[in-house]
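Visitor: I would like to learn how to read a protein structure. Please show me one, and start with the terms.

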Amino acid sequence: MLKFKLLLWFFNQLLRRQINNNPLCGRYVQGKVLVFQICTASGVGRYYEIRSGTIRSFSGLAPHPQFTFTFSDAVKGFEILSAKDSQAAFIRGVGSKDLVVSGDFREVMWFQGLSAFLQPPKVFSPYDRTVF
């Protein structure tokens with residue numbers, strides 16, 4: 001449970017750093033107003049507020065989030081959120097019902113774009129750039 005809570009807190013720190021240090025990420029969140037939460041089925045979690053180009057997080061659950069990621073338990077939540085192949089882990093989690101996504105799916109898709117800023121940049125070797 002503690003690892004899950006720490007991961008949720010750290011997630012806010014990573015996003016805040018990207019918003020402050022990456023101009024593209026800063027422009028992406030500029031003017032956006034969004035409240036979302038990540039929690040377990042038992043009600044343990046955090047909610048995040050994006051407003052005026054900044055992000056803040058709070059422990060507990062939001063009264064009216066625009067979307068929610070609900071994990072079956074903290075162990076599964078940590079496993080999915082910290083997976084190396086995060087996109088595939090999310091899809092597997094939804095398929096196995098270890099992750100339930102509820103709320104406005106347009107905002108979920110916007111959030112997926114934001115979370116792409118957390119991925120390390122891909123490095124291409126000179127041979128990968130050839131036409132044939």
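Guide: A residue is called buried under 20% relative accessible area, exposed over 50%, and partly exposed in between (1.4 Å probe, protein chains only). This is a predicted model, in which local features need pLDDT of at least 70, side-chain atom pairs count only at pLDDT 80 or more, and totals for chains, interfaces and linings use all residues. Residues are numbered from 1 along each chain as its sequence is written, and side-chain values use heavy atoms, with hydrogens and water left out.

Visitor: Is glutamine 30 buried or exposed?

Guide: Glutamine 30 has a relative accessible area of 55%, so this residue is exposed. Asparagine 12 has a relative accessible area of 2% and is therefore buried. Over the whole protein of 132 residues, 35% count as buried.

Visitor: Where in the protein do glutamine 30 and asparagine 12 lie?

Guide: Helices (H or I, at least four residues) and strands (E, at least two) are DSSP runs, numbered from the N terminus. Asparagine 12 belongs to helix 1, while glutamine 30 is in the loop between helix 2 (23-29) and strand 1. The protein has five helices and five strands, arranged along the sequence as α-α-β-β-β-β-α-α-β-α. Its C-alpha atoms fill a box of roughly 50 × 35 × 25 Å, taken along the principal axes.

Visitor: What is glutamine 30 in contact with?

Guide: Contact means heavy atoms within 4.5 Å. If neighbours within four places in sequence are left aside, glutamine 30 touches Ser52 and Gly53. On the same basis, asparagine 12 is in contact with Tyr48, Ile55, Arg56 and Ser57. Sequence separation and distance are separate readings: glutamine 30 and phenylalanine 10 are 20 residues apart in sequence and 22 Å apart in space, C-alpha to C-alpha. For the protein, residues 24 or more positions apart make up 63% of the contacts with a separation of 6 or more.

Visitor: What is in contact with alanine 41?

Guide: Alanine 41 sits in the loop between strand 1 and strand 2 (45-51). Its relative accessibility is 60%, so alanine 41 counts as exposed. Its contacts, apart from neighbours within four places in sequence, are Thr70, Phe71 and Ser72. Serine 72 in turn is in the loop between strand 4 and helix 3 (74-81) and is partly exposed, with a relative accessible area of 34%. Besides Ala41, serine 72 is in contact with Lys97 and Asp98, again without neighbours within four places.

Visitor: What is the phi of lysine 97?

Guide: Most residues other than glycine have a negative phi. Lysine 97 has a positive phi, near 70°, and is found in the loop between helix 4 and strand 5 (99-103). Serine 52 also has a positive phi, near 55°, and lies in the loop between strand 2 and strand 3 (54-59). Lysine 97 is exposed at 63% relative accessibility, and serine 52 is exposed at 58%.

Visitor: How many aromatic pairs are there?

Guide: A pair of aromatic rings is described by the distance of the centres and the angle of the planes. Rings of Phe, Tyr and Trp (its six-membered ring) pair if their centres lie within 6.5 Å; planes under 30 degrees apart count as stacked, over 60 as edge-to-face and the rest as tilted. By this rule there are 13 aromatic pairs. The pair of phenylalanine 36 and phenylalanine 67 is stacked because the ring centres are 5.0 Å apart and the planes are at 5°. This pair links distant parts of the chain, strand 1 (residues 34-40) and strand 4 (residues 67-71), with the two positions 31 residues apart. Phenylalanine 36 and phenylalanine 67 are both buried. Ring pairs join Phe11, Phe36, Tyr48, Phe67, Phe69, Phe90 and Phe111 into a cluster.

Visitor: Which charged end sits over the ring of tryptophan 110?

Guide: A charge sits over a ring if NZ of Lys or CZ of Arg is within 6 Å of the ring centre and within 35 degrees of the ring normal. Over the ring of tryptophan 110 is the charged end of lysine 32, 4.9 Å from the ring centre.
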